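Student: I have a model open and would like a close look at one helix, with enough of the surroundings to place it. Could you walk me through it?

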Amino acid sequence: MKKFILSLFVCSFIFSASAQNIQNNPTSNHGNKFEQLGTILPDANTYRTASGAPGHEYWQQKADYKIDAYLDEKDLRLHGEEEITYYNNSPDVLNYLWLQLDENQHKAGNKIIDIDGSEKTLPLTSNQLDGLEMNKKLEGYGVNILSVTDKNGKALKYTINQTMMRIDLETPLASKQNIVFKIKWNYKIPERMKIGGRGGYEKVGDDGNYVFTITQWYPRMCVYSDYQGWNNKQFTGRGEFALVFGNFEVNMKVPADHIIGSTGTCLNTNEVLNAKELSRWQKAQTASTPIEVVTLEEAKAKEAKPDNTNFKVWKYKAENVRDFAWGSSRKFVWDAMAQNVEGKNVMCMSYYPKEAYALYSRYSTKTIAHTVKTYSKFTIPYPYPVAISVEASNGMEYPMISFNFGRTEADGTYTSKTKHGMIGVIIHEVGHNFFPMIINSDERQWAWMDEGLNTFVQFLTEQEFDNNYPSSRGPAHKIVDYMRMPKNQLEPIMTNTENIAQYGNNAYGKPATALNILRETVMGRELFDHAFKEYCKRWAFKHPAPADFFRTMEDASGVDLDWFWRGWFYDIEPVDISLDSVVAFTVDSPRKVLEGNDTVITRKTKKQDEFLHISRLRNKQSGMAFLVDTDTTLRDFYYYYKPEPVTKETTTIKNKYEGLSLLEKEEFKKYEDKFYYELHFTNKGGLVMPIIVEWNFKDGTSEVEYIDAYIWRKDEKKVIKTFAKDKEVVAIKIDPYKETADIDERNNTWPKVKTESRFDLYKTKVATKYENKDLNPMQKKLSEKK
């Protein structure tokens, strides 16, 4: 019998090695998912090394701006004059310069208006019908270039191509030289909630006053880089920005009763703030909780008596930033506090209208401080002096300032969805200071390099805010519905920003999930965190490309990840690892395929949003201090309100071994208390991943075992693995904490789990909906009692 058992293992090994079924992969010449990426990545050179670091001859351009702006609130028009100093640090001679005119996105006749399909859904809405005549709505919008001159006032020839402007140089700009030129322009400010876009004005509430978000508002330099030359790809509204670092000096003339929140540091607070505001601002410099520099009552008073005849000039300066944005309104409440980051105070500030007061005054600035602190831990210390959130009914990011939503009902109440949505978007948009404002990837080419990386760190930050935070992206099980879609509806992460069909899933969700899997399942937290920080340090204030990220993560960790990049970033195959069968034996029993369901048990499982995914489990085990525990003022009604768990049926079985004893053979004596299990796996999805096995023992205990993804390297379709256990196993589950984004959990268990019908799932969804209904009339009282 001993000979029989050994022969079985030998035959199994030979079959596994010889009967490989490796499917072709479009990213590999050899078809093997574990081959190196090779020619898929660009060759290393003196600018970008094979290790993923900047090379010894790395260079990048620079642009400094001096801008005077005038906000004409009556005419809803912005006027500007700028002087740009452009530094050619490249080894090349430049015959012309390219600048971006993003406001031409709203110019009538622009081709980009009609580049998307327009199938209409029922019931029809007025917005759908208005969209069919967008060109009529856009008449009068777009950038008016009044003049382009050199520093002495001599006109320069220029050509405008939709959202791009080329300036032709009479004298080519040589390497290591700079040029100074000037531009005058104006444009009609769009009503962004109707026309769309990131910047514009919004009439908030019924008091007739505006909130202005002034973004992408000045002609700004395109990137000229070592790997693509000029990035003059048109701005369509989706693919965001590729921008040059530089210094800004900006003067903003606005109505005298306006408050400005802006990129940079205000140089003349003593001129634009009154004595009370200035005193509060000075106290806020060292405050550990938010102080209202402009109070709610003061903002309401200005709303009641607007001043459109007098003006103030706010003077700002920002160093080493890639862009500049600002918000302006008389409606703003302004609060501020200091957050220490490695010995330096960062001023965390919020600007918001009264319509957002109940949420913003409680959560916004503290969320900013938490974000700056947490991101600094996982990336690099936050280098800028301020971090700002402006409530503007949307979400968009710029250096040091972001625009987010967070308004309540008229009575100040709000839903859990609104609250967590606001906190999440503030974390996300403030987090964009790191990706891409500092680690300055090309958003117009690769959305995932800023949105995906940022969403990943957003998830980490949300979980440190509250370990039960309902993160919408990051945990592997959140991306399953997308990954199980038909393949003709999927695209690789490595798809150009403008061409992505499922933008939210492909640019945000899938890359964030991939990185979380790398951290929790493939590399481990220690190796991942070190490599991720190394990438951030290497490419802070530089222009990384995808290969720089891939190479640095391997170089700094010593983990070969080519198989992972190939599967998750260059391919569309899903994860579906099936536990097909279990063969069990002991030395005193024959091998037996275990099947059948003898006993049905009932257990309670938590709703999906409360699922104890692996990140929550490890955070809890590590003793992490969560923000809602250290600052209990952040606990509201929804913190205490927990619906009852949903009851579901699962199954398990008991199996008995019967057969001929082998214990008469002396060499088997030491194995008599062991239990052996041979597990047969099939890779049905195609994406190779680690196999995670949860063993549930007869005595009620359990353990989780990780098998490296390299187990698939010789046969990417089937794997057989045998385990020795000290206790009898009654149930086995693959991927118990939903770490791998497996799209079909029905084949992950032994014995098989009873599957709910679609109707059962619908009933559960409806029941949950009513369990979570808003209790607005009572929430304030209940929250106060808690």
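How many helices and strands does the secondary structure of the protein come to? And in helix α7, which residues are buried, and what do those buried residues pack against?

Tutor: Happy to. Keep in mind that this is a predicted model. The secondary structure comes to 20 helices and 33 strands. Of the 786 residues, 56% count as buried. The protein exposes about 34,200 Å², with carbon and sulfur atoms supplying 50% of that area. If we take contacts between residues at least 6 apart in sequence, 76% of them join residues at least 24 apart.

Now to your helix. Helix α7 covers residues 296-304, and its buried residues are L296, A299, K302 and E303. Looking down the axis of α7, you will find these buried residues within an arc of 125°, so they line one face of the helix. The face turned away from that buried side carries E297 and A304, which are exposed. As for the neighbours, the buried residues of α7 pack against three strands, β14 (259-262), β16 (291-294) and β19 (333-341), and against helix α8 (357-378).

From there, let us turn to the nonpolar interior. As a general matter, nonpolar side chains tend to be buried together in soluble globular proteins. Here the largest nonpolar core has 199 residues, and W217 and F564 are the members that touch the most others. Leaving aside residues up to four places away in sequence, W217 touches I67, A69, L78, W185, Y187, V250, F324, A325 and W326. A second core, separate from that one, consists of five residues, among them I500, Y503, A507 and Y508.

Aromatic rings are worth a look too, as the count comes to 57 aromatic pairs. One of them joins W448 and F549 edge-to-face, with 6.1 Å centre to centre and 65° between the planes. This pair links distant parts of the chain: W448 belongs to helix α10 (residues 448-465) and F549 to helix α14 (residues 546-557), 101 residues apart. W448 is buried at a relative accessible area of 2%, and F549 is buried as well, at 0%.

For the strands, start with the open sheet of four strands ordered β5-β6-β3-β10, where the pairing is antiparallel. At its edges stand β5 (157-161) and β10 (220-221), each with a single partner strand, so one side of each has no neighbour in the sheet. Five bridges pair β5 with β6 (residues 164-173) in the antiparallel sense, and Y158 stands opposite I167 in β6.

Another open sheet of four strands has the order β30-β29-β32-β33, again with antiparallel pairing. Its edge strands, β30 (702-707) and β33 (749-750), each pair on one side only. Two bridges hold the antiparallel pairing of β32 (residues 729-734) with β33, where T749 is the bridge partner of K733.

Finally, have a look at the hairpin of β8 and β9. Strand β8 (residues 200-203) runs antiparallel to β9 (residues 210-214), and four bridges join them. E202 has V211 in β9 as its bridge partner. Six residues lie between the two strands, and G205 takes a positive phi near 75° in this hairpin.

To return to your helix: on α7, L296, A299, K302 and E303 are the buried residues, while E297 and A304 are exposed on the face turned away from them.

How values were computed. Residues numbered from 1 in each chain as written. Predicted model: local features only at pLDDT ≥ 70, side-chain atom pairs only at ≥ 80, totals over all residues. Heavy atoms only, no water. Buried < 20%, exposed > 50% of the residue type's maximum accessible area, 1.4 Å probe, protein only. Arc of directions from axis to C-beta. Contact = heavy atoms within 4.5 Å. Areas by Shrake-Rupley, 256 points an atom, 1.4 Å probe, with all protein chains shown as cover. Pairing = 2+ DSSP bridges. Core = buried A, V, L, I, M, F, W, Y, C linked by side-chain atoms within 4.5 Å. Phe/Tyr/Trp six-rings, centres within 6.5 Å; stacked < 30°, edge-to-face > 60°.
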